[in-house]
Amino acid sequence: MPDDHVMEPLKFGIGQPVTRSEDPRLLTGGGCYTDDTSVAGQLYARFVRAQMAHGAIRSIDTAAAAAMPGVVAVYTGKDLDDDGLGTVPSALPLKNRDGSSYFVPPRPGLALDRVRHVGDPIAVVVAETAAQAEDAAEAVLVDIDSLPALTDMTHARDAGAPRIWDGAPDNISLDFYMGDEAACDAAFTAAAHVSRIRIDNTRMVVNAMEPRAVLGEYDPATERFTVHMPSQGVTGVRATLARAIFKVPAEKMRVISNDVGGSFGMKGGMFCEPICVLYAARRLGRPVKWTASRSESFVSDHQGRASVIDAELALDAEGHFTGLRVRGVGDLGAYVMPMGPISPTRVIAANIISVYRTPALSYSVQMAFTNTVPTGPYRGAGRPESKYILERLIDRAAHETGIDRIEIRRRNLIPPDAFPWKAPNGQVYDSGEFEAIMDAALERADWAGFESRRAEAAARGRLRGIGVSCYLENTAPASELADIRFGEDGTVTLITGTHDLGTGHRTPFAQIIVEKLGVPYEAIRLVQNDSDMMSAGASGSGGSKSLLGTGSAIVDASALIVENGRKAAAHILEAAEEDIEFAAGAFTVAGTDRAIGIMELARTLRERDELPEGVPRALDARAVHEASPSTFPNGCHVCEVEIDPDTGVTEILRYTVVDDFGVVINPFVVEGQVHGGIVQGIGQILTENTVYDGDGQLITGSYMDYGMPRADDVPSFDFTTRNVPCVTNPLGIKGCGEAGNGGSMPAVMNAIVDALAVRGIADMDAPATPNRVWKALRDAEGN
């Protein structure tokens, strides 16, 4: 039997903790990000941005800038508009409560009549060097009449509030509703107790490690664009730029996204800068490049979260949940980003029921315009907010009813024999063991022994608290391409539309290929970066669906390869096709020792000049998986904190997580994803806060003012899984990319409030900074 098909399935197959093969290249400086790419003759772009939050543009004087050394061109919004460029689209399947479409104002590459937030791009300067472009941008004179600014979403509909868009006289883009109002009203009318809470889901600056960048090229001979930029999938970017903006066929737009240094949803949509860079490249016939500074990123990347929610929970006399009513407002910022309205509306609504048997839901949220940086998806994109709202509300209900925090959850958890379970938001859960997971987390966290640790801390003058959070989230449904090709050089190439954002795609994707085909692990290459390599069905990453989409498509493509391989092996081995068996990378004639490895078979087919009809000439296969609905990862987080009442400093001492991710392809990759999500949740609860003043100026516009979480804010994590395979996709997987912060935000805040409860403090807004905690303690002393 040939050696080439003798694999090591236990080392590289599904479920094995294979170290990420991407890491050595990235950690040793071998990454190739957009800013690392340069081409001969390239020019540099710098943007003139609004310095006020709201104002009418009276004039833009570019003469002095255009005359400066090295400057090649200065463009304004009128140039783009005169040349017929389109605007950034948003076409989500969302409707107002009355069935009408939500309002999407035009967002051109450069502002035309008004600026609507600090950082709004007004003009672009193109020069021979970046420094020359920067200097000239400062010489552009913009005359703007200041207008009153609206910065508080909760006052968007107030009488006399500044109107941001004429098409939205009440500053509302979308009036969203989901649920059964009559059923919910009946539940509240009959309730023995109603608990209420207001949650401010604070606005977040995304802060991807890699700033956004664009390198645009245009070939006048072929009338074809090439754009290098970070993205979450090249085909989506190509479609938007080609169809919506430049109005050219898709084949006239090539998108290249090499390594991407973090995105968290932010790089998944369209921005103004790629439009302007490509426009300049076409006008000038030379490549043009732009890379954001970090300060520029604060006012030009979309921001995340940003909603104020009032939630009510109805309970019967035994503490069973009977209804959940939610009303609130979400902050769109000044424009509607491509995915802007979806997080505070449909996503929170689709996730807020979580693991509990809650029979009635009424969910109403309005999306408001403000004179602030536009908002869009940020890791979890509504899923973490939903858990933060619900789990804080459950703790409030436990306190008010006198039912133990664990017991009230236990009484309401969906039992394992109830699946499939249809929730009142329309979600159908396929699997889960929610109570067992909660119990496992409580045991690992030593919940039973906590009171002795609280007493010990009190003896030292410290306040100790413990918090729990059960969660369930729905990942995005997945349709994706897997194009598997056997190369002449002995490689096996997977082409797929998802994109690695630092998340480690190559390793688990390769593990599935090894498991299904038995090819050498080290021979597998991953191509996600070039739209010219893609074919119909390529989608993109987002909503924790990458493995669900690409992994399922790999299964489908692998089945086609095995089917074709059996036909080819039957010819090569001179046997009947029905006698060919496939296992561990080899096609074998049943009952004999005659076999051929899959890699050898691929080589043999390439080398044969003639093959009979019906025998494939290659093992290559392409499949588009279109059948996998949302998955429902779930779990339980337990956080233990200690607060110094003299300084207000909160220290996280212990953190325990038990998750259900179905079939885990690679435990190392999964744990890394969970760790990252937890840290982002900790950041939102303890340190991060985006603050605008009343005039719309961003006060927290740098790392001197915006509190990113640091290593000393984070403990070691006790992480494990208790997995129940998903039954709605071929791999049994459940998405894990955004689960960490879904559980961490409420767990951390519940622990803080538990610690402060002994001083009579029942609530705390995020971020629970030392100053806020210290002030709450001083105010409590005064009462």
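A: Start with a definition: a residue counts as buried when its relative accessible area is under 20%. The model here is predicted, and of the 783 residues of the protein chain, 59% count as buried.

Q: How many helices and strands does the protein chain hold, and how compact is it for its length?
A: DSSP runs are what is counted as helices and strands; here there are 20 helices and 28 strands. For compactness, the radius of gyration is set against the globule rule. The protein chain has a radius of gyration of 28 Å, close to the 28 Å that the rule gives for 783 residues, so it is as compact as a globular protein of that length. The C-alpha trace spans about 90 × 75 × 50 Å along its principal axes.

Q: What share of the contacts joins residues at least 24 apart in sequence?
A: Among contacts between residues at least 6 apart in sequence, 80% join residues at least 24 apart.

Q: What area does the protein chain expose, and what do carbon and sulfur atoms supply?
A: The exposed area is about 28800 Å², and carbon and sulfur atoms supply 50% of it.

Q: How do strands β10 and β11 run, and which hand has the crossover between them?
A: Strand β10 (residues 224–228) and strand β11 (residues 253–256) run parallel and are joined by four bridges. The chain passes from β10 through helix α7 (residues 234–245) to β11, a β-α-β crossover that is right-handed. As for single residues, H228 stands opposite I256 in β11.

Q: In what order do β22, β23 and β24 lie in their sheet?
A: The order is β22-β23-β24, in an open sheet with antiparallel pairing. An edge strand pairs on one side only, and here the edges are β22 (580–583) and β24 (595–597). Neighbouring strands of this sheet are turned by 20° against each other on average, direction ignored. Strand β23 (residues 586–589) pairs with β24 over three bridges; A586 has G597 in β24 as its bridge partner.

Q: Which helix lies across these strands?
A: Helix α17 (residues 598–607) lies across β22, β23 and β24, and runs at about 85° to β24.

Q: Is E515 in helix α15 buried or exposed, or in between?
A: Between the cut-offs of 20% and 50%, a residue is called partly exposed. E515, found in helix α15 (residues 506–517), has a relative accessible area of 40%, so it is partly exposed. Leaving aside neighbours within four places in sequence, E515 is in contact with G13 and I14. The C-alpha atoms of E515 and G585 are separated by 8.8 Å, with the two residues 70 apart along the chain.

Key
Residues numbered from 1 in each chain as written. Predicted model: local features only at pLDDT ≥ 70, side-chain atom pairs only at ≥ 80, totals over all residues. Heavy atoms only, no water. Pairing = 2+ DSSP bridges. Helix = DSSP H or I, 4+ residues; strand = E, 2+ residues; numbered from the N terminus. Right-handed = clockwise from strand over helix to strand, strands pointing away. Buried < 20%, exposed > 50% of the residue type's maximum accessible area, 1.4 Å probe, protein only. Contact = heavy atoms within 4.5 Å. Rg over C-alpha atoms; globule rule 2.2 N^0.38 Å. Areas by Shrake-Rupley, 256 points an atom, 1.4 Å probe, with all protein chains shown as cover. Axes fitted to C-alpha atoms, helices over the stretch in contact; angles between N-to-C directions.
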